[in-house]
Each structure stands twice: as C-alpha cells, then as structure tokens.
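Hi,

Here is the structure we talked about passing on. Have a look at it first, and then read my notes below.

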Amino acid sequence: MSDEKVKMEVEKADAKKEESKEIKKNLKGDYSSVVKVKIPEFLAPVDQDAANLPTALTNLLQLEKKTRLAADTPSTKKLAEAIIDVIVKCKDWKSLNTHIAILCKRRAQLRKVISTVVQRSMKAIDLTPDKETKIALIETLRTVSAGKLMVELERARLTKTLAEMKEADGLASEACDILQEVQVETIGSMELKEKAEFLLEQIRLCLVKKDFVRASIVAKKVNTDKMGEDGFEELKLKFYNLMIQYYKHERSFFDTSKCFHSILMTKSVSEDEKKATEALKMAVLYLVLSPYDSEVSDMIHRFKLMNKKLQLLPMAKHLVELFTTNELIPWPFDSDEYKIMDEFKALGYEEDFQKSVVQHNIRVISKYYSRIQSPRLSTLLGLGAKETEKYLSEMVQSKQLFAKIDRPAQIVTFARKKSANEVVDEWSSDVGKLLALVEKTCHLINKEVMVNKFKAKA
C-alpha cells in the first residue's frame, strides 16, 4: 500500500512539473518566426503609400504587445526598431515623439527595448528638418530616459547636445542650468575622458554665466592626477586655463601661479619655447603678487633653481632674485630696465605689486632690526607714516610677522617678548653649548699634550 502511495505522489509531482513547463512556455513564447514574416507584411503598404503609416503602426504595436507580454526580448526589439525606422522614413516627426513615449512607457516594457528605442531614435536627430523639431525630439528622449540607469549615458549626451544648441542661440544661462542637471560623476558607463570633457564643459558654462561658486564646486570633481596621463594633455590645458579665469576673478594669485606652473610642466608646452616662456612669465608674476607664506617661499625658491628656463626670460629671473634675496627693493623703481612695472600695469595689478614689494622690505628689515624708529622705517620703505603703519598692521593681522608700534615714542618693535620659560630654556641651551665647547677644548688640549710627550720621548 505504501508503494502505491509513493507512486501516486511521484506521478502528481511529474504532472505539476509538466504543467509549470507549459505555463512557462506560454509566458515566454518565441515569436521570432512570426515577427520575421509580419514586419515586412505590415510595412509593405507604407512603401507604396505613406498614408498607410497609421495602419502599419497599429499592427506593429499589437504584435509588440504580444511579444512584450511573452518576454520575447529579441522580437520586441526588432518591432521597436521597425516602428522607429518606418516613422523616420516617412518623416512624421510628431508621430515619432508620440511613439517613442508610447514604447518606453508601456506596461512591463523590457529594459533592453527601452535602450534600443532611445539609441535608435538618437540616430534620427541629425535627420530632423529644423531646429524646433530637433529640440522637440531631444526633449522627448530626455523625458523618457529620465531616472533610467540603462540609458543614463545616452541622456547625458542628449543633454550636452541640447545645452550646445541653447548656447548657440545666445542662452548661455539656460544652457548652464540644463547641463548642471546631469551628475556625470555617477555615470559608470561613461569613459573617463568623456567624463572629464563633460565636467570641463560644465565649468566653462558656469564661468560664462558668472556662477563662480558652482564652477568651484564642479572643479573639485575633476581628478587632476588623471589629467597627467597620456591622452589627457589637451584636457589638462583646457582645465587649467578655465581655473585661471576663476582664480583671477577670486584674486587668488598663488593658485593662479600654480595653474600656470602646471601648464609649464605640460610636455607640449615645455617643448614649445614661446609657450613655455609665456607660462613661466605669468607664473612668476602671479607668484610675486601672492601673500607671503611658507608655501609661496618654497615655490619661489624652486623657480630660482630653474636656471635654464629663467635664462630665456631675464625679467622673470631678475624678479625672482629680488624676492629671494634679503635686501631692500627700492620703491619706486629708480631704473626698470626689464620693464617690470609695464608687465604689472598690463595685468592691472600695479598696486598689488607695490604691496608685495613693501611687505618684502618690511620682512627684510625685521630680520636686521629688533627695534627701529618709525620715521627711519618710513624712509627705508619710501612711504609716508600712515602708509607704513597701514602695511605693517596688515602684515601683523595676517600673521606674516610680529610687530608692536609705540606711537608716542615712534618706535616699532619686531622682537617678540619672551616668556620666563623661553628665557630659561634658551639660557639652558646656551649653557649646554658652552659646556660642550669647554669639553671639546679640554679634549684637544689633552690630545696635544700627549702628542708632544710622545715626540719628546722619540
């Protein structure tokens, strides 16, 4: 009895398997043979008369519904391609926009079919008769591809094309807003070079729009390390030229100088003497204008080591020597054989250059004087009392040096008053050095005595 029950259970299980196979077979039907026959049959009347297009589209959509619900991806793709191609062939652009939306928004539409519709329709963009039709088609494709990861790359490219068209019409602000919609750094299927081009275009449009805050945010997304690789040289130059525009607006002289230095270090620029000379000149000019700190000091001394390149540009060499030597720079220049002032006047930074010269002179004076009378300081700087105090106050406020001004006594003190602990530590250090010298001297005396005794015995 038990064996019969087991047999019955096995037979029931086999029947269920067969039933499930039949269901799957019906759900996942293969319509390839049907589609192969029906597509030419539906399109034949359209070839004879374009007025038959609506009938053909209705038949194709009905068959597409069957293949879509049966999850027959290859057949559904072929039908979608046929629908797009026949509409483009008939140049019915309004119908094309309508059917793109229909195909992409149908219930349970397959992901690969949506990709096929978008990619196939993008080929028709260049075939549009006028700008309005082209924009309408692009907008339709952007709408159906919104929020769909499988067509995020195509949507980004469509957005860039639309932005270019808007900019060509003089709508730079609108073009910038359109392009900012795309978060290109999250698109994994986009190649690194294309991604960099996209980001640079976003930065450029932000600068055109004068949205400098947004330009700074986008610029931080650019991987500058990748810019140094082969094949990215042109993009590297474009990026640094864009950043120069931004830093000039922000009056960030040191960052501007670093951009010109990066351009100078680019292979194509360094091999071109004219371009290299221009980049080096601008790098030095903006470096001299930069507020002084340890980083600026390090960079200007590195420029001093670039003897071969500086030989080509005597003006830059002279300027580097002036700011790396602990000597006063006369102001105003008595003789300007290198026409340095003309360079800063052309840039519109004559006052900033004067400020850099005065601050350099104050730093030099602070190294040689612990205290100095205010009139004497003004004479050395070639400035009036008020201007001298203004520059000195700015440097103290920015923590470039320590100084105290005693107005009644007209004395400027550069030496910082030491605390009791600092005095004791310094005294202890000095005593330690003195004892080390005494010990070394005793050792040398004993050595000399031993040598003389040995010579006497010999």
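What follows is a walk through the pocket, the cores and a handful of single residues.

One thing to keep in mind throughout: this is a predicted model.

Let's start with the pocket. The largest one has a volume of about 430 Å³. Its lining is made up of 25 residues, and the ones nearest the centre are Ser290, Pro291, Tyr292, Gln359 and Arg363. If you want to find the walls by element, look at helix H16 (273-289), helix H17 (294-304), helix H19 (314-324) and helix H21 (350-368), which each give two or more residues to the lining. H21 gives the most, with eight residues. As for chemistry, the lining of this pocket divides into 10 nonpolar, 10 polar and five charged residues.

Next, the cores. The largest nonpolar core has 72 residues, and Ile203, Phe239, Phe303, Leu319, Phe323 and Phe353 are the ones with the most contacts inside it. H16 gives the most to this core, with 11 residues. There is also a second, separate core of 41 residues, with Val88, Val117, Leu162 and Ile178 among them. Back in the largest core, what does Ile203 touch, once its neighbours within four places in sequence are left aside? Its contacts are Ala215, Val218, Ala219, Val222, Phe239 and Leu242.

Now two threonines that are worth clicking on. Thr324 sits in helix H19. Is Thr324 buried or exposed? Its relative accessibility is 14%, so Thr324 counts as buried, the cut-off being under 20%. The side chain of Thr324 reaches the backbone oxygen of Val320 at 2.7 Å. Ignoring neighbours within four places in sequence, Thr324 is in contact with Ile300, His301 and Lys304.

The other one, Thr159, is in helix H8 (residues 152-168). Thr159 has 0% relative accessibility and therefore counts as buried. Not counting residues up to four places away in sequence, Thr159 touches Arg142, Ile178, Leu179 and Val182. You have met Ile178 already, as one of the residues of the second core.

On to the loops. Asn52 is found between helix H2 (32-48) and helix H3 (53-69). With 28% relative accessibility, Asn52 counts as partly exposed, because that label covers values between 20% and 50%. A polar atom of the Asn52 side chain lies 3.0 Å from the backbone oxygen of Pro45. Leaving out residues up to four places away in sequence, Asn52 touches Pro45 and Val46. If you'd like a distance to check in your viewer, try Asn52 and Lys89: they are 37 residues apart along the chain, and their C-alpha atoms are separated by 13 Å.

Finally, two backbone oddities. Which phi does Ala108 have, given that it is not a glycine? The value is positive, about 55°. Ala108 lies in the loop between helix H5 (93-105) and helix H6 (111-122). Lys399 isn't a glycine either, and it has a positive phi of about 60°. You'll find Lys399 in the loop between helix H23 (385-397) and strand S2 (404-406). Its relative accessibility is 75%, so Lys399 counts as exposed, the cut-off being over 50%.

Cheers

Key. Residues numbered from 1 in each chain as written. Predicted model: local features only at pLDDT ≥ 70, side-chain atom pairs only at ≥ 80, totals over all residues. Heavy atoms only, no water. Helix = DSSP H or I, 4+ residues; strand = E, 2+ residues; numbered from the N terminus. Buried < 20%, exposed > 50% of the residue type's maximum accessible area, 1.4 Å probe, protein only. 1 Å grid on protein atoms, 1.4 Å probe; cavity = no way out; pocket = protein on both sides within 12 Å on 5 of 7 lines; lining within 4 Å. Points joined across faces, edges and corners; volume = space filled by probe spheres on them. Nonpolar A, V, L, I, M, F, W, Y, C, P; charged D, E, K, R; others polar. Polar contact = N/O pair within 3.5 Å; in protein donor to acceptor, adjacent residues only side chain to side chain. Contact = heavy atoms within 4.5 Å. Core = buried A, V, L, I, M, F, W, Y, C linked by side-chain atoms within 4.5 Å.
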